[in-house]
Amino acid sequence: MRRLAGWLTGWALVLAASLPALAAPDRPERAALLADGEAALSQGRVDQALRHFERAGSMAHAADTEMALVRTYLQAGDYRQATSFSAHTAGAHRQVVEGAVLYAGLLAIGGQQGAANRLLDEAAGRFPSAPMLAAARRWIDVPVAEPDPVLQAVRLAPYASGPATPRAARVVASGVLIDQGRHALVPLEGLQPAASLQVRNGLGQTADARLVRREPALGLALLALTPALTRRSLPRALGDSAVEQPLPAAAARDPFPGSPGYAAEFRPDPRARPAWPWLRSGFQGAVDARSGQRMLGIEMPPGPRGGPVLDAAGRWCGIAQHRGGVDRMLPVSALRTAFGPWIGAPAADAAQRPQAAVDEVYEGALRMTLQVIAVPSGARR
């Protein structure tokens with residue numbers, strides 16, 4: 001672990017040093033705060049990273065500090081604050097292409113790909129030959145996990161924290177975090193008999209996983225997690241206390257066909273690198289007359305399924321599956337029948353909360369959507 005911590009700290013120093021174009025005329029103490037904050041963030045110490053970056057921000061109004069704060073908010077699970085502050089950074093530092101790229105990346109993962117591309121179009125008028133804009137557009141439009149190396153300075157991903165993941169590990173599917181972070185539902189087809197398992201959420205939090213129960217008829221497995229994946233919010237103001245961030249509650253009933261909805265998945269990745277999930281919007285599918293199963297209805301890019309489906313109010317209403325060559329949704333009613341003790345109490349009725357903003361929906365998906373990671377037998381950590 002000491003070797004890993006040292007490597008992460010060294011990488012963080014390299015990242016902090018790689019942003020000279022983003023920084024104001026530097027003072028040694030500000031540079032040290034940025035490096036210390038990046039090192040803390042890389043080790044999952046989000047609260048400490050925030051303190052370092054805020055102190056650095058008080059010394060200069062610079063894009064590098066603000067972008068570091070954006071990534072800190074996101075790694076803490078506060079997507080709405082991250083996007084709001086990223087919009088400020090992109091607008092206040094229009095001479096810095098990285099600010100526009102980071103803001104576009106946040107819009108894209110949160111289900112606003114059209115707005116992200118329009119933002120890049122506008123930035124192209126100011127930076128007609130910037131390779132970073134073309135790389136960002138490819139990352140948004142092409143459903144692969146590997147970002148272009150030119151985007152490294154922006155770091156469009158969280159850091160991993162928790163149990164170490166071997167280099168030989170592979171992401172085999174997406175999954176859904178339940179039971180306030182203590183258990184997960186994952187596709188059975190991704191489980192390999194000779195492999196141990198881990199899961200990781202969109203905040204980079206990683207947990208070892210143990211198989212508890214199989215439900216072959218549903219194509220799902222229940223996993224117990226160590227440690228539980230929970231997250232406390234960042235204080236909003238001096239003197240505020242952190243509060244536990246709940247997962248999206250399960251809907252009381254299945255969504256009506258044709259009603260608005262969302263689905264979240266991780267992009268395919270042959271390696272087990274931390275990433276943000278991608279949210280897509282659409283309309284809930286109907287029941288297939290021949291199979292009697294619900295269709296997903298929401299268009300998703302190629303890749304593993306197993307992530308959550310959410311209704312217009314941001315409640316968890318099902319799991320996306322790819323079975324029989326088509327995308328389907330396993331509705332919450334079937335999940336409650338099979339896994340009732342772990343699903344939790346139903347959410348409030350739709351009449352009490354008709355619709356949630358898309359950034360609020362993504363904030364829940366960020367914590368709930370999991371990478372399912374297979375660790376080959378004998379792989380060293």
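How many bridges pair strand 4 with strand 5 (residues 220-226), and in which sense do the two strands run? There are seven bridges, and the pairing is antiparallel. Keep in mind that what you're looking at is a predicted model. Let's stay with these two strands for a moment and then walk outwards.

Pick out D208 in the picture and look across to the next strand: T226 of strand 5 stands opposite. Strands 4 and 5 make a hairpin, with four residues between them, and G219 in the turn has a positive phi of about 75°. Now go to the other partner of strand 4. Strand 3 (residues 195-201) pairs with strand 4 (residues 206-215) over four bridges, in the antiparallel sense. Here V199 faces A207 in strand 4. This is a hairpin too, again with four residues between the strands, and G204 in its turn has a positive phi of about 90°. What holds strands together in general? Strands of a sheet pair through backbone hydrogen bonds, and they can do that either parallel or antiparallel.

Time to zoom out. The protein chain has ten helices and twelve strands. Of its 381 residues, 53% are buried. If you take the contacts with a separation of 6 or more, 69% of them are between residues 24 or more positions apart.

There is also an open sheet to find, made of six antiparallel strands in the order 7-6-9-10-11-8. Strand 7 and strand 8 (294-295) stand at its edges with a single partner strand each, so one side of each has no neighbour in the sheet. Inside that order, strand 6 (residues 260-265) is joined to strand 9 (residues 308-311) by three bridges, and the two run antiparallel. For a landmark, find G261, which stands opposite D311 in strand 9.

Edge strand 7 leads us to the helices. Take helix 8 (residues 131-141), whose buried residues are M132, L133, A135, A136, W139 and I140. They cover an arc of only 165° around the axis, so they lie on the same side of helix 8. The spacing of those numbers fits a handy rule. An α-helix has 3.6 residues a turn, so residues three or four places apart point the same way. And what do the buried residues of helix 8 pack against? Their partners are helix 6 (97-109), helix 7 (113-126) and strand 7 (278-283). W139 has a visitor as well: the charged end of R267 sits over its ring, 5.9 Å from the centre. You can spot a similar arrangement at Y159, where R155 lies over the face of the ring, 3.8 Å from the ring centre.

Next, hop to A108, which is found in helix 6. Is A108 buried or exposed? With a relative accessible area of 0%, A108 is buried. Apart from neighbours within four places in sequence, A108 is in contact with Q113, A116, I140 and W278. A108 and L279 are 171 residues apart in sequence, yet their C-alpha atoms are 8.2 Å apart in space.

Rings can meet other rings, too, and the structure holds three aromatic pairs. For Y73 and F85, the ring centres are 6.0 Å apart and the planes stand at 80°, which is over the 60 degrees needed, so the pair is edge-to-face. Y73 belongs to helix 4 (residues 63-75) and F85 to helix 5 (residues 79-92), twelve residues apart. Y73 counts as buried at 8% relative accessibility, while F85 is partly exposed at 23%.

Two polar residues round off the tour. Q371 lies in strand 12 (residues 369-376) and is buried, with a relative accessible area of 2%. Its side chain reaches the backbone oxygen of R273 at 2.9 Å. Beyond its neighbours within four places in sequence, Q371 is in contact with several residues, including V171, Q198, V199 and F266. D179 sits in the loop between strand 1 (170-178) and strand 2 (183-187). D179 has a relative accessible area of 19%, and because buried means under 20%, D179 counts as buried. The side chain of D179 makes a polar contact with the side chain of R182 at 3.0 Å, and another with the side chain of H183 at 2.8 Å.

Notes:
Residues are numbered from 1 along each chain as its sequence is written. This is a predicted model: local features need pLDDT of at least 70, side-chain atom pairs count only at pLDDT 80 or more; totals for chains, interfaces and linings use all residues. Side-chain values use heavy atoms; hydrogens and water are left out. Rings of Phe, Tyr and Trp (its six-membered ring) pair if their centres lie within 6.5 Å; planes under 30 degrees apart count as stacked, over 60 as edge-to-face and the rest as tilted. Buried means under 20% relative accessible area, exposed over 50%, partly exposed in between (1.4 Å probe, protein chains only). A charge sits over a ring if NZ of Lys or CZ of Arg is within 6 Å of the ring centre and within 35 degrees of the ring normal. The arc is that of the directions from the helix axis to the C-beta atoms. Contact means heavy atoms within 4.5 Å. Two strands pair if DSSP finds at least two bridges between them. A polar contact is a pair of N or O atoms within 3.5 Å; within protein, one must be able to donate a hydrogen and the other to accept it, and residues adjacent in sequence count only if both atoms are side-chain atoms.
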